[in-house]
Amino acid sequence: MATIAVFNQKGGVGKTTSTLNIASALAALERNPLAIDLDPQAHLTHSLGVDQATSNGISSFFRDERSLLDLVQYRPSGLRVIPAHSDLSKIDALSGKTRNVASRLREGLSEHLAKENVPILIDCCPMLGILSLNAIISSDKVLIPVSADFLSMQGVQKVVALLDVLQGRFGRRFDFMVVLTRFDSRRKLSFSIFDKLKEKFGEKVADTRIMENVSLAESPAYGRDVFAHAPSSQGAKDYFALTHELIEKGFFY
Ligand SMILES: Nc1ncnc2c1ncn2[C@@H]1O[C@H](COP(=O)(O)OP(=O)(O)O)[C@@H](O)[C@H]1O
Ligand SMILES: [Mg+2]
């Protein structure tokens with residue numbers, strides 16, 4: 001089992017788009033992935049066309065009402081997903097401050113899914129609270145999408161500093177990989193951000209850059225990943241290449 005938290009405290013950087021399309025590429029490669037929506041905004045759930053009204057969200061796992069396996073839904077692409085519901089926003093408040101509250105998801109995954117040996121991707125919300133901590137503590141690696149804009153470097157540095165703190169506290173390494181998204185080859189800024197990221201984080205920056213591409217923005221409106229929506233688009237090519245790069249670099253074992 002390789003669990004990946006897709007996290008950046010900055011919103012709109014491509015966390016959900018990356019989770020959706022990397023998980024879908026892994027499904028196409030018959031790796032039997034599971035995507036978990038851990039954002040109360042439930043964008044991943046909507047992007048996959050799951051009806052929130054009928055879905056049992058992951059919040060019922062945090063409320064001790066359902067097991068993780070109970071909550072898995074199958075999409076036509078073969079992707080499995082545990083959806084979110086807006087009531088997930090209450091989990092932070094309900095969780096209190098007990099010591100193991102941030103390890104609940106990790107325990108649930110190792111109890112129910114450890115034997116499966118499949119890739120698990122967790123789409124995080126843009127806030128560092130109980131939910132994102134659960135995702136990061138469950139994960140083997142953190143994927144940090146960064147959009148090619150002005151404040152992007154600061155966002156990555158914040159996440160990397162957080163991983164350092166967690167390393168000290170939990171006594172284990174939290175490895176990460178940065179991927180540059182919304183790359184616009186007409187803008188010098190895109191190239192200079194990529195160079196700066198490479199300078200600072202070297203091998204930890206994916207060579208594959210995700211270009212700004214309209215098919216990536218459109219596909220969620222149809223409840224589909226980019227491969228189903230526009231298989232020959234630049235977005236489909238980029239996410240397929242990124243998934244291959246992550247596999248080659250041992251991200252999914
Ligand atoms: N490479 C891209 N090209 C064009 N639009 C994109 C791209 N990546 C993300 N978007 C769009 O930008 C918005 C924010 O992306 P999203 O994945 O939801 O970010 P986050 O989950 O980090 O908040 C969405 O409307 C999404 O469709
Ligand atoms: Mg999102």
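Student: In this predicted model, what makes β1 and β5 count as paired strands?

Tutor: Strand β1 (residues 2–6) and strand β5 (residues 119–124) run parallel and are joined by five bridges. Pairing takes at least two bridges, so β1 and β5 qualify. One of the residues involved is Val6, whose bridge partner in β5 is Asp123.

Student: Where do β1 and β5 sit in the sheet?

Tutor: The sheet is open, with seven strands in the order β3-β4-β2-β5-β1-β6-β7 and mixed pairing.

Student: Why are β3 and β7 called edge strands?

Tutor: β3 (73–74) and β7 (175–181) each have a single partner strand, so one side of each has no neighbour in the sheet.

Student: Why is α1 called roughly perpendicular to α11?

Tutor: The axes of α1 (residues 15–28) and α11 (residues 234–248) cross at roughly 70° and come within 9 Å. Roughly perpendicular covers 65 to 115 degrees, so the α1–α11 crossing fits.

Student: Which residues meet there, and what kinds are they?

Tutor: From α1, they include Thr17, Asn21, Ile22 and Leu26; from α11, Tyr239, Phe240, Thr243 and Ile247 are among them. The contact of α1 with α11 has eight nonpolar residues, four polar and no charged.

Student: What about the largest nonpolar core, and which residues touch the most other members?

Tutor: That core has 47 residues, and Ile58, Phe62, Leu105, Ile136, Ile144 and Leu197 touch the most other members. Helix α7 (residues 152–170) gives the largest share, seven residues. Another core, of 27 residues, lies apart from it and has Ala27, Leu121, Tyr239 and Phe251 among its members.

Note on methods. Residues numbered from 1 in each chain as written. Chains lettered and ligands numbered in written order. Predicted model: local features only at pLDDT ≥ 70, side-chain atom pairs only at ≥ 80, totals over all residues. Heavy atoms only, no water. Helix = DSSP H or I, 4+ residues; strand = E, 2+ residues; numbered from the N terminus. Core = buried A, V, L, I, M, F, W, Y, C linked by side-chain atoms within 4.5 Å. Buried < 20%, exposed > 50% of the residue type's maximum accessible area, 1.4 Å probe, protein only. Axes fitted to C-alpha atoms, helices over the stretch in contact; angles between N-to-C directions. Contact = heavy atoms within 4.5 Å. Nonpolar A, V, L, I, M, F, W, Y, C, P; charged D, E, K, R; others polar.
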